[in-house]
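Notebook open. I want to look at one helix first, then at what packs together inside.

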Amino acid sequence: MSSTATPIPSIRRVAIVGAGTIGASWAALFLAHGLEVVVSDPASDAEAQTRVRVAAAWPVLKELGRVAEGASSDALHFEPDLTAALADVDFVQENAPEREDFKIDLFARMDAILPPHVIVASSSSGLIMSRLQSRCQHPERFVIGHPFNPPHLIPLVEVVGGDKTSADTIDRSIAFYQAMGKYPIRLNKEVPGHIANRLQAAVWREAIHLAAENVASVADIDAAVSQGPGLRWALFGPHMTFNLGGGEGGLTQFMHHLLGPVQTWWDDLGAPVVTPELQRKLIEGVNAEAGQRSIADLVQTRDAQLTALIKTLNR
């Protein structure tokens, strides 16, 4: 990565390129911190859906004390034309479809419109920035800023640059996300899926394997996480969790006494082939787990419980 420093003015106006669930959630967060936000998306219902989602997020942000004095959701503007949307912005958070060819073209278009100092951060959940910035004249200002859904609640942002991203862009992006109340982590190298998605994909792969082998129902496999290690993971990651598992001897003790058994579990982990039949089994299982609760009901429950958890952890 290059290290050319470029002076960047303070960030007051942010463009959200690509609305949807993630874009609207980002918009709510930025608005809550008193920023002016312009959203651009060509879909005919994008503006209406974005405003509905921002309005739904606003009470939760207030409950968490994340709405700055004077901040208003009325500072949200919508502009379907990309060139007009990018006029006079200080930062761009891109949330377009997760297709490499689409993003390469979009990044080249934005690069031609924006002044060189404006950072463009991508919410891409797994693409490689070195490829996405490949047609840009100012690739140094492009960076991955991958959130976890919903961004207005979950603190994590994974920050990683491409081969031509400047160190200054990464530093400035991390500082911006911190100012927005996020918890940015810096990746030292690019990997598909970044960190968090790879970790959850590994857990889900084994959960699918256990369901395929009829070890337990889909609901009970989910409960094995949510009612067990998932509660600890809200406090500490896997390394620190196993460090505590070693007692007073910490991870050294754990390695000495339990690494052997854990190795046998690793050796027995599955690599399921998700056939149409297995897909049906998983879908039927999760529908049974949901019962009469709609997706909207489940999202409401998730956000309410996330809010309560965040409030507890922040005490």
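Bend, for my own use: the angle at a residue between axes fitted to the seven residues ending there and the seven starting there. Helices here are DSSP runs (H or I, at least four residues), strands are E runs of at least two, both numbered from the N terminus.

The model is predicted, so I keep to its cut-offs: local features need pLDDT of at least 70, side-chain atom pairs count only at pLDDT 80 or more, and totals for chains, interfaces and linings use all residues. Residues are numbered from 1 along each chain as its sequence is written, and side-chain values use heavy atoms, leaving out hydrogens and water.

**Helix α2**

I looked up the bend: α2 has a kink of about 25° at alanine 57, shortly before proline 59. Next I checked the length. The 18 residues of α2 (residues 46-63) should span 26 Å, because each residue adds 1.5 Å (the count used is one less than the number of residues). The end C-alpha atoms are 26 Å apart, which agrees. After α2 comes glycine 65, with a positive phi near 75°.

Which residues of α2 are buried (under 20% relative accessible area, 1.4 Å probe, protein chains only)? I found Ala46, Thr50, Val54, Ala57, Trp58, Val60 and Leu61. Their cover includes α1 (20-32), β2 (36-40), β3 (76-78) and α13 (295-313).

**Cores**

A nonpolar core is a set of buried Ala, Val, Leu, Ile, Met, Phe, Trp, Tyr and Cys residues joined through side-chain atoms within 4.5 Å. The largest has 32 residues, and Phe30 and Phe176 have the most contacts inside it.

Key
Buried means under 20% relative accessible area, exposed over 50%, partly exposed in between (1.4 Å probe, protein chains only). Contact means heavy atoms within 4.5 Å.
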